[in-house]
Number of protein chains: 2
Amino acid sequence: MANIKYEILEKIGKISESPKGWTKELNLISWNGRAAKYDLRDWAPDHEKMGKGITLTKEELKRLRDTLNGMNLG
Amino acid sequence: MANIKYEILEKIGKISESPKGWTKELNLISWNGRAAKYDLRDWAPDHEKMGKGITLTKEELKRLRDTLNGMNLG
């Protein structure tokens, strides 16, 4: 993960927190100075380390939202 | 990615498709014979290769759904 620069432009929501304090978060992030993308990712406490994650466009978030709304999650 | 076995138990939804045919999908997957997890991931055409992705629990999907519903995505 060396040499990756990022800037969290907007903290949108915390999805979960593990017993060790890692959080799964949805944020709006600029990677290496590029245009901002939505980012769903695990983070160590205080964002000291980043875990696995994926980036999503706004269109993908909309489709994901509609997909989740179509599920019977309770 | 060698030696990772998985079984797609349920194809829930396609979130997007790239010009090269890679798809971002939400599926219910059992990894290495373990209990099924929700999985948001990029896949090559015909699922020949898997790209980056994350697994989520049902509770995380619910929180994610509620977070997305609170956004003004249009």
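Here are a few friendly notes on this predicted two-chain model, its sheets, helices and largest pocket.

1. Some ground rules come before the details. Local features need pLDDT of at least 70 and side-chain atom pairs count only at pLDDT 80 or more, while totals for chains, interfaces and linings use all residues. Residues are numbered from 1 along each chain as its sequence is written, chains are lettered from A and ligands numbered from 1 in the order in which they are written, and side-chain values use heavy atoms, without hydrogens and water.

2. Let's take chain A's sheet. It is open, with four strands in the order β1-β2-β3-β4 and antiparallel pairing; strands are DSSP runs of E with at least two residues, helices runs of H or I with at least four, both numbered from the N terminus, and two strands pair if DSSP finds at least two bridges between them. β1 (6-17) and β4 of chain A are at the edges with a single partner strand each, so one side of each has no neighbour in the sheet. The twist from one strand to the next averages 25 degrees. Nine bridges link β1(A) with β2(A), and K11(A) sits opposite N27(A) in β2(A).

3. Both helices pack on this sheet. α1(A) touches β2, β3 and β4 of chain A, at about 95 degrees to β4(A), whereas α1(B) touches β1, β2 and β3 of chain A, at about 130 degrees to β1(A). Contact means heavy atoms within 4.5 Å; angles run from 0 to 180 degrees between N-to-C directions, with axes fitted to C-alpha atoms, for helices over the stretch in contact.

4. Chain B also has an open sheet of four strands, β1-β2-β3-β4, paired antiparallel. Five bridges join β3(B) to β4(B), and D39(B) faces T55(B) in β4(B). Helix α1 (residues 58-69) of chain A packs here against β1, β2 and β3 of chain B.

5. Now to the largest pocket, whose volume is about 860 Å³. A pocket is an open set of points on a 1 Å grid over the protein atoms alone, where a 1.4 Å probe fits, with protein on both sides within 12 Å along at least five of seven lines; lining residues have an atom within 4 Å of a point. The volume is the space filled by probe spheres set on the points. Of the 37 lining residues, those closest to the centre are K52(A), G53(A), K52(B), G53(B) and I54(B). β4(B) contributes the most, seven residues.
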